[in-house]
Amino acid sequence: MNRIIIIGNGFDLAHNLKTGYKDFINDYWATIEEGIYDKYWRLLDQQYGGGKHPLNDYEDQFIKIGKEYDKTGVNKVCSSYKEDSPLWKLHTLIDEHNNDPSSNVTVHLKFKNHFFERISHQCSLVNWVDIENEYYSVLKELLQEENPQKQNESIRTLNKEFDDVKRLLEKYLTGIIEKTEIAKHQSIQDAFSSFVEFDDIANCKQTVYVNSIFAEMVQANTIDEFEHDKKVDNKTYKYCLTENEARIIFIEKKLKDEAFKKFHLLPYTLLLNFNYTQIAKKLYNDHNIDEIINIHGELNSENNPIIFGYGDELDDDYNKIEKLQNNDFLENIKSISYHKTRSYRELLNFISLGPYQVFIMGHSCGNSDRTLLNTLFEHDNCISIKVFYRQYEDGADNYIDLIKNISRNFNNKPNMRDIVVNRENCSPLVPTEKEVAE
């Protein structure tokens, strides 16, 4: 019996790593705001007020902040921005300077990277943004451009700007990991070491599940247990219509035997890591993890560079993108980037070996990975999908939201309702009453 544990960004967040896209963007703007407004003047304003603070110039590949002797076109704070967002604070700081009657210069914030401008505004408006989805949205917008030359220029500019964002994200994540202390969670440790439970298996896959156990019994030369049990308990087995029914009865009885479960139901486990970090490997590698595939690459790795883009070939607009015959539109499509390493092929080899259960830990199962997830979820060998949902402080959770996202990865909806484990048999990734493992 095999198991695939899907690790997503929620896994890192559960370990107090600020690896969300919102964390990344807000950190950038908070750093800029502090950089242009010296701590000395900040302290004076806090103590004495007055707001007459000089602002430093700043420039990188994303923005330029500088003084001009012209008060036309002064930046205004968007009224829809969340007031706790660092970009709102930066705009407010600039506005206060520009509105100061004693100031003879104005300060302007200008974006040099327009994709970064888009995701920054989105983050400041809703306090959440999925950068990969935003990239795909821009791709689809460029499909509507009727001027071929302008379309070519726009997609090349977009890919360059997106690549700059990717490098900035990699630098940010590297720094976050270096300065964050992390510890195990007992709930995750227990899940990694858990048996494949009969109640979690889809009804349409129970025969496959049972037969896989019998195959292991044959290999371990313990199949005589079954024949002996039938002889001893003839009253039960003589009413079975098929051999499979007899096997199911036998397995249901043996599942009460802890020694039998430990021998046959501890799965061979593949950790499928969608994160760029290695937190699961670092913390839980001694708990029943047999293989690890970092499907989206690793930070600062030449052999397995990070894959950052979009992966929904099932979307209606994807066919339109392919029909353009413009390879620049396919530059950041994940299914193409997967060919850079053997990781995807290794995953396909694993799922072809035999029946497997899927654990989902911290992955939203959103559309940006839909092609890969559809391959996993609708494979004939997938017998169970079990969700470890996020639990909030007030006791609410995101189980139903995850199920909605999972459903988009299925074409066969009846199978989806059978294969996905119901909420009663699922559990939080980390309960609100957190217990740290020793």
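## Cavity, sheet and rings

The largest cavity is lined by G311, K334, S335, Y338, Y344, T371 and L372. Two elements give two or more residues each to this lining: α16 (334-337) and α18 (370-377). By class, the lining residues divide into 3 nonpolar, 3 polar and 1 charged. The volume of the largest cavity is about 40 Å³. In total, the structure holds 1 cavity of 30 Å³ or more. The model is a predicted one.

Next, the sheet. Here 6 strands form an open sheet, and their pairing is parallel. The order runs β6-β5-β1-β7-β8-β9. Strands of a sheet pair through backbone hydrogen bonds, either parallel or antiparallel. At the edges stand β6 and β9, each of which pairs on one side only. Strand β9 pairs with β8 in the parallel sense, over 2 bridges. Across this pair, F388 stands opposite S427 in β9.

The strands with residue ranges are as follows.

| Strand | Residues | Note |
|---|---|---|
| β6 | 291-294 | edge strand |
| β8 | 382-389 | pairs with β9 over 2 bridges |
| β9 | 427-428 | edge strand |

Aromatic rings come last. The count of aromatic pairs comes to 26, with ring centres within 6.5 Å as the cut-off. One aromatic cluster is formed by Y21, F115, Y135, F162 and F308. A charged side chain also meets a ring: R247 lies over the face of F214. The distance from R247 to the ring centre of F214 is 4.4 Å.

Note on methods:
Residues are numbered from 1 along each chain as its sequence is written. This is a predicted model: local features need pLDDT of at least 70, side-chain atom pairs count only at pLDDT 80 or more; totals for chains, interfaces and linings use all residues. Side-chain values use heavy atoms; hydrogens and water are left out. Two strands pair if DSSP finds at least two bridges between them. Helices (H or I, at least four residues) and strands (E, at least two) are DSSP runs, numbered from the N terminus. Rings of Phe, Tyr and Trp (its six-membered ring) pair if their centres lie within 6.5 Å; planes under 30 degrees apart count as stacked, over 60 as edge-to-face and the rest as tilted. A charge sits over a ring if NZ of Lys or CZ of Arg is within 6 Å of the ring centre and within 35 degrees of the ring normal. On a 1 Å grid over the protein atoms alone, a cavity is a set of points where a 1.4 Å probe fits but cannot get out, and a pocket is an open set with protein on both sides within 12 Å along at least five of seven lines; lining residues have an atom within 4 Å of a point. Grid points are joined across faces, edges and corners, and a volume is the space filled by probe spheres set on the points. Ala, Val, Leu, Ile, Met, Phe, Trp, Tyr, Cys and Pro count as nonpolar, Asp, Glu, Lys and Arg as charged, and the others, Gly among them, as polar.
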